[in-house]
Amino acid sequence: MYRKLLRYKEECGDVLVLTTKDSPSDVKKIAKWVQNQRVHYKYFTNGDTKHIKEHRIEALNRIGFVWNVLEHAWDSNFNSLERYYAEHGTFDIPKKESAKLNAFVINLRKAMRRKKEGLFQKELTEERINKLNSINFMWEGRRKKYSVTQRGGGENVQFDYLYDLLVDFKETYGHVQVSKMMPLWRNGNEQPSKKEYKRLPFFIASIRSEHEIFSEGKPCALDEEKVRKLSELGVKWKKPASEPRKRCANKRQRTERKENDNVCDQTADEGGVGGGLTKQNDEKVQYM
């Protein structure tokens with residue numbers, strides 16, 4: 001699989017291996033292998049070295065492997081934002097001009113508001129804040145949207161409005177699995193009985209994200225009463241990251257993974273991209 005990744009880089013110019021539902025099956029296999037290397041690297045940085053060894057990490061580093069896709073995407077968006085500001089002199093980017101940068105700026109400003117309010121957020125570190133300040137980023141936009149919060153006068157009013165809307169949705173459809181209805185609404189096969197129901201998928205995604213923070217005991221937009229109400233309504237929460245997952249690798253998958261390990265080590269021994277690295281008598285990597 002390592003050699004296939006090298007060939008992919010020669011053909012496509014990167015090792016991100018982004019796929020869609022129409023991507024060839026061999027590309028999807030490479031993408032899955034790449035994803036596994038990132039998971040194993042996280043284990044490695046936490047002291048669990050049985051999944052991937054240092055000489056393999058070095059081999060992947062030599063070809064520009066991206067270990068953290070989110071960090072890579074953030075840096076890419078930051079560079080694009082810096083170029084946009086140099087050219088246009090503003091950080092207020094119309095959605096029709098660049099939906100990706102528009103969302104990036106909105107998320108940055110939202111994260112700063114959460115930081116000022118003492119709520120937990122992952123988007124902004126001190127390093128990122130310093131980088132944004134270095135290009136004179138405007139933390140407040142010139143144009144303000146009027147939301148339920150602004151009309152009602154507070155975050156609790158917005159929650160109550162959307163919660164009541166979710167209750168109404170359940171009374172209409174008999175469940176709170178809004179995401180299952182979205183394809184029908186999007187394709188025009190069916191229309192929601194209320195147009196406002198289209199806001200609910202974003203509400204569900206938001207409260208699930210907040211619940212992860214709540215479960216860690218960090219300050220967030222949810223409290224015990226809100227969590228209780230949502231749970232009783234039927235909202236399902238994500239499993240904690242600490243909860244062990246079931247191993248599902250079968251014999252064929254384990255055999256393929258063993259072959260992949262041998263190829264990666266052999267490539268290093270032959271003086272390829274990972275050349276000059278000594279093959280170690282380590283445990284075979286168990287790809288998840």
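**A walk through salt bridges, a helix and a core**

Start by selecting Asp 75: at 32% relative accessibility it counts as partly exposed, a class lying between buried (under 20% relative accessible area) and exposed (over 50%), with a 1.4 Å probe and protein chains only. You're looking at a predicted model, where local features need pLDDT of at least 70, side-chain atom pairs count only at pLDDT 80 or more, and totals for chains, interfaces and linings use all residues. Residues are numbered from 1 along each chain as its sequence is written, and side-chain values use heavy atoms, leaving out hydrogens and water.

Now add Lys 131. Its side chain meets that of Asp 75 in a salt bridge at 3.7 Å, N to O; the criterion is a side-chain nitrogen of Lys or Arg within 4 Å of a carboxyl oxygen of Asp or Glu. The pair links distant parts of the chain, 56 residues apart: Asp 75 in α4 (69–88) and Lys 131 in α6 (126–134). Helices here are DSSP runs (H or I, at least four residues), numbered from the N terminus.

Next, pick α9, residues 178–187. Val 178, Met 181, Met 182 and Trp 185 are buried there. Look down the axis: these residues fall within an arc of 120 degrees, taken from the directions from axis to C-beta atoms, so they line one face of the helix. Turned away from that side are the exposed Ser 179, Lys 180 and Asn 187.

Finally, select Phe 169. Its contacts (heavy atoms within 4.5 Å) include Val 178, Met 181 and Trp 185, not counting residues up to four places away in sequence.

Notes: Helix = DSSP H or I, 4+ residues; strand = E, 2+ residues; numbered from the N terminus.
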